[in-house]
Amino acid sequence: FHGTHVSGILAARGNNGLGVSGVSPQAKVIACKFIASNGSGTLADALTCLDYVLDLKTRSQNPVDVIATNNSWGGLPFTRALHEAIAAQQEAGILFVAAAGNSASNNDAVAFYPAGHFLPNVLAVASTDHLDALSSFSSFGRRTVHVAAPGSSILSTFLNDGYVPVSGTSMAAPHVTGLLGLLKAQDPARDWRALRNLALTGGTDLPVLSGSTVTGRRMRAAD
């Protein structure tokens, strides 16, 4: 259910009278499942997914213009292999959007991976609630979590044609990934640096987030 819910937040079709609309309702999603229904997964399989996406972007025949991967997962320790895989995505022009974690902890003090990988293409996302406050469960970090997005009780697609509200930084991350899709569609000439800068600087400044994220902003897609 997790991937289905996340994908709906990002790119559920809009204006069709069904359920919900995603942030970027005309985007196309490439799914790569490496976590089982019980929540278990391996680093090797995560690397395989990243390699798959990289190959789609860089292959000589029929390349796919992948602009970002949405990574609503975490909990692995730091590994050089994953760090290098994310760096390879950057070289190919792919942003890496990652959930900040749901332990209400300071990621500056104890890093949470993969959001904690210190690379220019990584955007770590915290969660806000309906009051524009940091969600009670959301991890944070003045130096390690870049921006916040709605993540409390988000209604989205579910199994068996359903729609349910779910909370988590997993729900916040695809809001930002969807915004990147809108920004790319608005101007296809924008590279990953321009997309990242616009996503981070174009958000709504919230004083309550000033000590919780790098930007002190909640993502905004109004314009």
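Which helices and strands do the buried residues of H3 pack against? The close-up views below, taken from a predicted model, begin with that helix.

**View 1. Helix H3 and its packing partners.** Helix H3 spans residues 80–91. Its 12 residues reach 16 Å from the first C-alpha to the last, close to the 16 Å expected at 1.5 Å a residue. Leu82, His83, Ala85, Ile86, Gln89 and Gln90 are the buried residues of this helix. They lie on the same side of H3, because they cover an arc of only 165° around the axis. An α-helix has 3.6 residues a turn, so residues three or four places apart point the same way. The buried residues of H3 pack against two helices, H2 (43–58) and H5 (192–201), and against strands E1 (68–71), E2 (95–99) and E3 (122–128). After H3 comes glycine 93, with a positive phi near 85°.

**View 2. Surroundings of threonine 169 in helix H4.** Helix H4 covers residues 169–186 and includes threonine 169. A relative accessible area of 1% places threonine 169 among the buried residues. Neighbours within four places in sequence left aside, threonine 169 contacts Ala99, Ala100, Gly101 and Asn102, together with Val125, Ala126 and Ser127, and also Phe137 and Ser138.

**View 3. Salt bridge between aspartate 132 and arginine 218.** This pair is joined through its side chains, with an N to O distance of 2.9 Å. Aspartate 132 belongs to the loop between E3 and strand E4 (147–150), and arginine 218 to strand E8 (residues 217–218), so the salt bridge ties together parts that are 86 residues apart in sequence. Aspartate 132 is partly exposed at 25% relative accessibility, whereas arginine 218 is buried at 15%. Across the whole structure, 5 salt bridges are found.

**View 4. Salt bridges of arginine 190 and arginine 193.** Arginine 190 pairs with aspartate 187, their closest N and O atoms being 4.0 Å apart. Arginine 190 is buried, with a relative accessible area of 19%; a residue counts as buried under 20%. Aspartate 187 is partly exposed at 30%. The side chains of arginine 193 and aspartate 191 form a salt bridge with an N to O distance of 3.7 Å. Arginine 193 has 48% relative accessibility and is partly exposed, and aspartate 191 is partly exposed at 37%.

**View 5. A nonpolar surface patch.** Leu18, Leu155 and Tyr163 make a nonpolar patch of about 300 Å² on the surface. Leucine 155 sits in strand E5 (residues 154–158) and is partly exposed, at 46% relative accessibility.

Note on methods
Residues numbered from 1 in each chain as written. Predicted model: local features only at pLDDT ≥ 70, side-chain atom pairs only at ≥ 80, totals over all residues. Heavy atoms only, no water. Patch = residues over 30% accessible without salt bridge, like charges linked within 9 Å, V, L, I, M, F, W, Y side chains within 5 Å. Areas by Shrake-Rupley, 256 points an atom, 1.4 Å probe, with all protein chains shown as cover. Helix = DSSP H or I, 4+ residues; strand = E, 2+ residues; numbered from the N terminus. Buried < 20%, exposed > 50% of the residue type's maximum accessible area, 1.4 Å probe, protein only. Expected span 1.5 Å × (residues − 1). Arc of directions from axis to C-beta. Contact = heavy atoms within 4.5 Å.
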